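The following exercises concern enclosed space and charged side chains in one protein model. Please work through each task before reading its solution.

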Amino acid sequence: MSSLQISNAAKAYGAVPILDNINLDIASGEFVVFVGPSGCGKSTLLRMISGLEDITAGEMRLDDRVINHVDPAKRGIAMVFQSYALYPHLTVFENMAFSLTMARAPMAERKEKVERAAEILRLTHLLDRRPAQLSGGQKQRVAIGRAIVRQPKVFLFDEPLSNLDAELRVQMRAELIQLHQRLRATMIYVTHDQVEAMTLADKIVVLNGGRIQQVGRPLDLYDDPDNKFVAGFIGTPTMNFLSARVKDVAADHIVVSGLGGDTAAAGLVIPFAGFDPSIREIQLGIRPEHATIAIDPASAEGLAAKVTLVEELGDLTSVHTVLANGERLVAQNHGRRHSGAIETVVRIAADKALVFDMAGQRLRPAKA
């Protein structure tokens, strides 16, 4: 197990910046997930760690050793690719043992390490097969096994599950968690799928536009995001954002009006200590589970809305609505409760609302 420190790292192709001012500490044995939309720089950062991309500026240290210019083969890092990258003419055993074969390791050593990795990954009965005879999940396990036999300091995974179907992805996520628990190795994993990030990671690194937006434990990012991007990217369905005006400021709360353009909803009280009274226009972040559709809209108080889509998911019903000013809001009711009415009322849990300024930065209450 090894730790990794990245300080002021940057990457540019000519005059085009890709990554800027990346600062990150990864502790020994952590499972860290880089997550973000396509083009945010997460795969580039992974390739910089592996040595497949040069670092333009800054420094990378692996166990206090600067690795900026160390050859990829000598970094002690193993990478698992999205495409599996298996040799079709070699057996599973030969694919897994390939790096040991190139290093001219004795056959006894190759056999011992491959069989140990195959046992961990439940591949023992497949060692004589070739890739064409394997399922997608089995191919991915072979690619992981090839990394394990190298006994690397750090494992790198570049969207390894993106080629698998939904059911197999869930299964492989569970297997990766179990693998990390058994090996206790340092693992860095890249994905654009925030569900994978939430379920796999000890720590999530959210990137956008070549910069780190926030780093933290999955539920910390979910409950306490730094900005609208993180708040909207982490969580499914995504967080709702509603424009509002600050009507009144008190010591421990604010009163907002005009939510969604509904003047009848004036006076929503949001707990907030130490709010800056000079701020008048804000955005409220509301998780779908903190907004519910009234079962009897005619007698309920809340935001007037029109239902555009109902997703009945069994244990939950997600109701997509449009508010008076055209803003969209997704609400969730537990079970299968929905009146079927087009005109409805959405009730918001005011104590769960997050407050953002108009630039998208989080406004936090003063600490007691």
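## Exercise 1: Enclosed space

In this predicted model, a search of the whole structure finds 1 cavity of 30 Å³ or more.

**Task.** Determine how much space lies in the largest cavity, which residues line it, and how the lining divides by class.

**Solution.**
1. The volume of the largest cavity is about 40 Å³.
2. Its lining is formed by Met 48, Glu 53, Asp 54, Ile 55, Met 60, Ile 67, Asn 68 and Arg 75.
3. Sorted by class, the lining of the largest cavity comprises 4 nonpolar, 1 polar and 3 charged residues.

## Exercise 2: A salt bridge between two helices

**Task.** State which residue forms a salt bridge with Arg 141, and decide whether Arg 141 is buried or exposed.

**Solution.**
1. The partner of Arg 141 is Glu 175, with 3.7 Å between the closest N and O atoms.
2. Arg 141 belongs to helix α5 (residues 136–148) and Glu 175 to helix α6 (residues 166–183); the pair links distant parts of the chain, 34 residues apart.
3. The cut-off for a buried residue is a relative accessible area under 20%. Arg 141 has 7%, so this residue is buried.
4. Glu 175 has 13% and is therefore buried.

## Exercise 3: A salt bridge between a loop and a segment after a strand

**Task.** Find how far apart the closest N and O atoms of Arg 364 and Asp 224 are, and explain why the pair ties together parts of the chain that are apart in sequence.

**Solution.**
1. The closest N and O atoms of this salt bridge are 3.1 Å apart.
2. Because Arg 364 lies in the segment after β21 (362–363) and Asp 224 in the loop between α8 (218–223) and α9 (228–233), the pair ties together parts that are 140 residues apart in sequence.
3. Arg 364 has a relative accessible area of 37% and is partly exposed; Asp 224, at 32%, also counts as partly exposed.

## Exercise 4: Two strands and a network

**Task.** Identify the strands that hold Glu 343 and Lys 306, then name the residues that salt bridges with shared partners join into one network.

**Solution.**
1. Glu 343 and Lys 306 meet through their side chains in a salt bridge of 3.9 Å, N to O.
2. Glu 343 is in strand β19 (residues 343–348) and Lys 306 in strand β16 (residues 303–312), so that distant parts of the chain, 37 residues apart, are linked. Lys 306 is partly exposed, at 46% relative accessible area.
3. Asp 224, Asp 226, Arg 362 and Arg 364 are joined into one network by salt bridges that share partners.
4. The count for the structure comes to 17 salt bridges.

Conventions. Residues numbered from 1 in each chain as written. Predicted model: local features only at pLDDT ≥ 70, side-chain atom pairs only at ≥ 80, totals over all residues. Heavy atoms only, no water. 1 Å grid on protein atoms, 1.4 Å probe; cavity = no way out; pocket = protein on both sides within 12 Å on 5 of 7 lines; lining within 4 Å. Points joined across faces, edges and corners; volume = space filled by probe spheres on them. Nonpolar A, V, L, I, M, F, W, Y, C, P; charged D, E, K, R; others polar. Salt bridge = Lys/Arg side-chain N within 4 Å of Asp/Glu carboxyl O. Helix = DSSP H or I, 4+ residues; strand = E, 2+ residues; numbered from the N terminus. Buried < 20%, exposed > 50% of the residue type's maximum accessible area, 1.4 Å probe, protein only.
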